[in-house]
Amino acid sequence: MNHTLNFTAAALVALLAAPASAHDIVLQPIRDGVAVRYGHAQDWQPVQPDKLIELQLFRTATDLPQDAQPALKPTGNEYLLTLAEGAAKPLLVAARYDNGLWSRVPVAGGGTPVARNTTRFMLPDATLVTNNLKFAKGLVGSADDAGVYKRVLGHLLELVPQRNPAALKAGELLEVLVLLRGKPLAGAGVEVSNLVDKLPEEQIRRWTTDARGIARVELHPRGVNTLAVDVDVPNDGSLGEASRTVGADKFVLIATYTFNR
């Protein structure tokens, strides 16, 4: 049975990938824990703690989440979550980040519109208002993780590897499920970054999800791998009735999933 959401033609066009300048929340496993980063390769911005509305730890495929925000420590633009066990024991870290409402405002003389972090109430001439929501997962540890790597958390947009990335052999593709509001999303593009190299938009390779919401993705053979997917959804109630109360024309959703090989 195909559970892909039904979109209007305009929404299908909006599923095209966002520009490479779009900023992500990334949970990067490091030696003693996890680094919480905001931005993308060669353009890391300060993490704003008031926008990081949730940071949770999951140690098994079925345990209750543990609130990790009180343990965060700032360091430069990033925040660090130090784990008592370091990176030895497998676990999944997950975050939600609300980057707020952004209004696109026309410029006199027909110049490029500017973006302002406010509502149409404040800027009634805005031609577009978006609500920008970010989601992230970070997999800490090795292949011996009892399935925590593929735990579904209920994020609006979510990446779910179908095999443990640490268990893949060299050259094997990783099947990744993309969920939008809990349902498989067809036609979405999944990309992979090493968080170091920044590619021009036209050079970014994306693997497209099939009717089951699955993309078969080629990974970097060593080091950091960050999977990312972005989706634009019109504010038409398809994300739930409560979404209609948000003063936005559309939602810009980005999800990442980071692990080391």
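How many residues lie between β1 and β2 in the hairpin they form? Keep that in mind while reading the points below; the model is a predicted one.

1. **The opening hairpin.** There are two residues between β1 and β2, and the two strands form a hairpin. β1 covers residues 24-30 and runs antiparallel to β2, with seven bridges joining them. If you want a spot to check on screen, try Q28, whose bridge partner in β2 is A35.

2. **The whole chain.** Stepping back, the secondary structure comes to one helix and 18 strands. The chain has 261 residues, and 48% of them count as buried. Take the contacts between residues at least 6 apart in sequence: 64% of these join residues at least 24 apart. As for the outside, the accessible surface is about 12800 Å², and carbon and sulfur atoms account for 54% of that.

3. **β2 and its other partners.** I'd spend some time on β2, residues 33-40, because eight of its eight residues are buried, so the strand is mostly covered. Besides β1, β2 is joined to β7 (residues 78-82) by four bridges, again in the antiparallel sense. Within that pairing, V36 stands opposite Y79 of β7. β2 also pairs with β3 (residues 43-45), antiparallel, over three bridges. Here Y38 has Q45 in β3 as its bridge partner.

4. **The turn after β2.** β2 and β3 make a hairpin with two residues between the strands, and Q42 in that hairpin takes a positive phi near 65°. Q42 is not a glycine, yet its phi is positive. Is Q42 buried or exposed? With 60% relative accessibility, Q42 counts as exposed. Its place is the loop between β2 and β3.

5. **A second positive phi.** L195 is worth a look alongside Q42. L195 is another residue other than glycine with a positive phi, near 65°. You'll find L195 in the loop between β14 (189-193) and β15 (207-208). L195 has a relative accessibility of 9%, so this loop residue counts as buried.

6. **Aromatic pairs.** How many aromatic pairs does a search of the whole structure find? The search finds two. In one of them, the ring centres of Y38 and Y97 are 5.0 Å apart and the planes are at 25°, so this pair is stacked. Y38 belongs to β2 and Y97 to β8 (residues 91-105), so the pair ties together parts that are 59 residues apart in sequence. Both Y38 and Y97 are buried. The rings of Y257 and F259 have a centre distance of 6.2 Å and planes at 65°, so they are edge-to-face. Y257 counts as buried, at 0% relative accessibility. F259 is buried as well, at 1%.

7. **An arginine over a ring.** Back around β2, look at R37 and W44. R37 lies over the face of W44, and the distance to the ring centre is 3.9 Å.

8. **A buried glutamate.** E54 sits in β4, which spans residues 52-58. Why does E54 count as buried? Its relative accessible area is 18%, and buried means under 20%. The side chain of E54 makes a polar contact of 3.0 Å with the side chain of R96. Leaving aside neighbours within four places in sequence, E54 is in contact with Q69, A94, A95, R96 and H155.

9. **V178 and its surroundings.** V178 is in β12, residues 174-180. Its relative accessibility is 0%, so V178 counts as buried. Which residues does V178 touch, not counting those up to four places away in sequence? They are L157, E158, L159, K183, P184, L185, A188, V190, T209, G213 and V229. For L157, the C-alpha atom is 7.4 Å from that of V178, with the two residues 21 apart along the chain.

Key. Residues are numbered from 1 along each chain as its sequence is written. This is a predicted model: local features need pLDDT of at least 70, side-chain atom pairs count only at pLDDT 80 or more; totals for chains, interfaces and linings use all residues. Side-chain values use heavy atoms; hydrogens and water are left out. Buried means under 20% relative accessible area, exposed over 50%, partly exposed in between (1.4 Å probe, protein chains only). Contact means heavy atoms within 4.5 Å. Accessible areas come from the Shrake-Rupley method with a 1.4 Å probe; for residues, only the protein chains shown count as cover. Two strands pair if DSSP finds at least two bridges between them. A polar contact is a pair of N or O atoms within 3.5 Å; within protein, one must be able to donate a hydrogen and the other to accept it, and residues adjacent in sequence count only if both atoms are side-chain atoms. Rings of Phe, Tyr and Trp (its six-membered ring) pair if their centres lie within 6.5 Å; planes under 30 degrees apart count as stacked, over 60 as edge-to-face and the rest as tilted. A charge sits over a ring if NZ of Lys or CZ of Arg is within 6 Å of the ring centre and within 35 degrees of the ring normal.
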